[in-house]
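Colleague: Thanks for sitting down with me. Could you walk me through this one, a question at a time?

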Amino acid sequence: MRATVPVDEPDRLAALHDAGVLDTAPEEDFDDIARLAAEICGTPVGLVSLVDTDRQWFKAKVGLDASETHRDVSLCAHAIRGHDLLEVPDTTIDPRSADNPYMADGGIRFYAGAPVVLDGTYSVGTVCVVDHKPRELTDAQRRALRSLARHAAVQLELRRYARHAAEIADRMRQLDRMKDSFLATVSHELRTPLSTIRGYLEMLLEGDFDGETSRRFLSVMARNSDRLLRLIDELLLVARLTEESMELDVVELDLADLVHQVTTGCRPLAEHKHVKLRDRTSGPAPARGDTKRLHQALNHLVVNAIKFTGAGGEITVDCAANGEPSLIITDNGVGIAEEDLPHVFDRFYRCASADVMAAQGPGLGLAIVKSIIDAHHGSVHLESEPGVGTTVRLILPNR
């Protein structure tokens with residue numbers, strides 16, 4: 001009789017897969033458990049069995065050649081439905097195994113399995129023993145089998161913790177690299193405009209220039225001052241977001257009008273880079289949100305697209321009001337490498353293409369965009385392919 005699926009099957013499988021031991025090489029710790037189980041119970045077969053979606057796989061085995069069997073013919077699949085030991089003294093008369101051809105073909109007449117329980121909740125497998133003749137375990141053997149199953153669970157959890165610790169260590173090393181990169185980038189971003197302003201100030205103070213030249217110098221200084229103020233504003237915003245949630249001034253707004261404002265403001269930068277910036281909106285797109293913050297998010301994305309789109313490229317900005325209101329920014333720029341995609345919304349993360357194209361910025365823009373949209377209870381979706389381009393879709397909740 002096929003075992004019914006445990007009520008916590010999805011969570012049980014998640015715990016099993018999180019242990020990260022399926023289809024791994026033999027390990028002495030588990031081999032010892034299987035060997036001890038067979039020796040203590042006096043059986044020719046001892047196993048550490050893990051029950052997956054449609055199979056049972058043997059992490060350790062004594063007296064058996066097979067590495068796995070189908071779950072449908074597994075008595076372990078019955079054992080994992082609870083936390084207590086399952087014992088079948090004679091498989092030929094037990095309703096769970098009497099019609100099981102695998103038992104008959106393998107000469108399996110006796111089975112006993114103690115569940116391996118992770119987190120005190122999920123039975124992911126068993127430490128089990130098998131014999132070719134009917135029998136019963138003694139109370140001492142049952143206690144020993146349960147103890148070995150607990151030991152197997154500890155071994156699985158130790159491996160899971162070790163793997164998680166390694167992942168955390170890797171993440172910490174990555175954060176360390178990001179911190180170093182951030183400090184270097186911010187230092188550059190601050191020093192460059194400051195050096196420019198200082199240089200032009202020295203020339204103005206030391207030289208005697210005509211009015212037109214002086215105005216040109218002042219214009220350069222003003223642009224660099226604006227660049228400094230934008231960087232400081234971004235750093236302060238990120239600091240506030242780290243400490244507290246973003247406060248929004250939510251009003252009724254038209255996303256099409258927002259697109260028009262942003263594209264109009266960004267068009268001079270696009271023209272300077274010989275990039276076409278197209279406003280593709282065709283009608284009103286009502287939504288609710290913080291106009292200032294959404295303008296900031298959209299502006300970040302459009303400026304980003306301009307930075308990473310070469311001369312002759314094209315950027316389109318559109319909005320939609322059918323269903324959930326959304327803003328869509330598409331470019332045919334350099335694109336984002338697959339390995340960078342999971343990190344593009346991390347604070348201070350700069351992908352390789354940013355350095356290749358000498359793009360300014362400390363890597364805060366996309367993190368700010370995500371924070372703004374998250375504060376609106378919306379979502380950000382990004383698709384990109386190197387050499388083809390990038391599409392970003394900002395989705396706001398229905399009003």
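**A serine and its surroundings**

Modeller: Happy to, and please keep in mind that this is a predicted model. Let me start with Ser123, which is buried, with a relative accessible area of 2%.

Colleague: Good starting point. Which backbone oxygen lies 2.8 Å from a polar atom of the side chain of Ser123?

Modeller: Ser123 has its place in strand 6, residues 122-131. Leaving aside neighbours within four places in sequence, its contacts include Arg12, Ile80, His83 and Pro115. The backbone oxygen at 2.8 Å from a polar atom of the Ser123 side chain is that of Gly82.

**Charged pairs**

Colleague: On to the charges. Where in the chain is Arg71, the partner of Glu9?

Modeller: The side chains of Glu9 and Arg71 meet in a salt bridge, at 2.7 Å from N to O. Glu9 belongs to helix 1 (residues 9-19), and the two partners are 62 residues apart. Arg71 itself sits in the loop between strand 3 (68-70) and helix 3 (76-79).

Colleague: Is Arg71 buried or exposed?

Modeller: Buried means under 20% relative accessible area. Glu9, at 10% relative accessibility, counts as buried. Arg71 has a relative accessible area of 9%, so it is also buried.

Colleague: How many residues apart in sequence are Arg160 and Asp18?

Modeller: Their side chains meet in a salt bridge, with 3.9 Å from N to O. Arg160 lies in helix 5 (residues 139-206) and Asp18 in helix 1, so the pair ties together parts of the chain whose separation in sequence is 142 residues.

Colleague: And does Asp18 count as buried or partly exposed?

Modeller: Arg160 counts as buried, at 6% relative accessibility. Asp18 has 26% relative accessibility. With buried meaning under 20% and exposed over 50%, Asp18 counts as partly exposed.

Colleague: Which residues are linked with Asp18 and Arg160 in a network of salt bridges?

Modeller: The structure holds 23 salt bridges. In the network that contains Asp18 and Arg160, the other members are Asp119, Arg163 and Glu167.

Colleague: One more pair: what is the N to O distance between Arg96 and Asp94?

Modeller: Asp94 is buried, with a relative accessible area of 11%. Arg96, at 27% relative accessibility, counts as partly exposed. Their side chains meet in a salt bridge with an N to O distance of 3.0 Å.

**The sheet and its helices**

Colleague: Now the sheet. Which strands stand at the edges?

Modeller: This is an open sheet of 5 strands with mixed pairing, in the order 8-10-11-13-12. Two strands have a single partner strand each, so one side of each is left without a neighbour in the sheet: strand 8 (276-279) and strand 12 (379-385).

Colleague: In strand 13, what is the bridge partner of Leu327?

Modeller: Strand 11 and strand 13 run antiparallel and are joined by 6 bridges. Within strand 13, the bridge partner of Leu327 is Leu394.

Colleague: And which residue in the turn between strand 12 and strand 13 has a positive phi?

Modeller: Strand 12 and strand 13 (residues 389-395) run antiparallel, with 7 bridges between them. Glu383 stands opposite Thr391, and His381 stands opposite Arg393. The two strands form a hairpin with 3 residues between them, and the residue in the turn with a positive phi, about 80°, is Gly387.

Colleague: At what angle to strand 11 does helix 8 run?

Modeller: Helix 7 (residues 255-272) lies across strand 8, strand 10 (314-320) and strand 11 (326-331), and runs at about 165° to strand 8. Helix 8 (residues 291-307) lies across strand 8, strand 10, strand 11 and strand 13. Its angle to strand 11 is about 10°.

**The nonpolar core**

Colleague: Last topic. Which residues touch the most other members of the largest nonpolar core?

Modeller: That core has 37 residues, and elements that each supply at least two of them include helix 7, helix 8, strand 10 and helix 10 (365-375). Leu298 touches, among others, Leu258, Val262, Val317 and Ile329. The residues that touch the most other members are Leu255 and Leu298.

Note on methods
Residues are numbered from 1 along each chain as its sequence is written. This is a predicted model: local features need pLDDT of at least 70, side-chain atom pairs count only at pLDDT 80 or more; totals for chains, interfaces and linings use all residues. Side-chain values use heavy atoms; hydrogens and water are left out. Two strands pair if DSSP finds at least two bridges between them. Helices (H or I, at least four residues) and strands (E, at least two) are DSSP runs, numbered from the N terminus. Contact means heavy atoms within 4.5 Å. Axes are lines fitted to C-alpha atoms, for helices over the stretch in contact, and angles run from 0 to 180 degrees between N-to-C directions. A salt bridge is a side-chain nitrogen of Lys or Arg within 4 Å of a carboxyl oxygen of Asp or Glu. Buried means under 20% relative accessible area, exposed over 50%, partly exposed in between (1.4 Å probe, protein chains only). A nonpolar core is a set of buried Ala, Val, Leu, Ile, Met, Phe, Trp, Tyr and Cys residues joined through side-chain atoms within 4.5 Å. A polar contact is a pair of N or O atoms within 3.5 Å; within protein, one must be able to donate a hydrogen and the other to accept it, and residues adjacent in sequence count only if both atoms are side-chain atoms.
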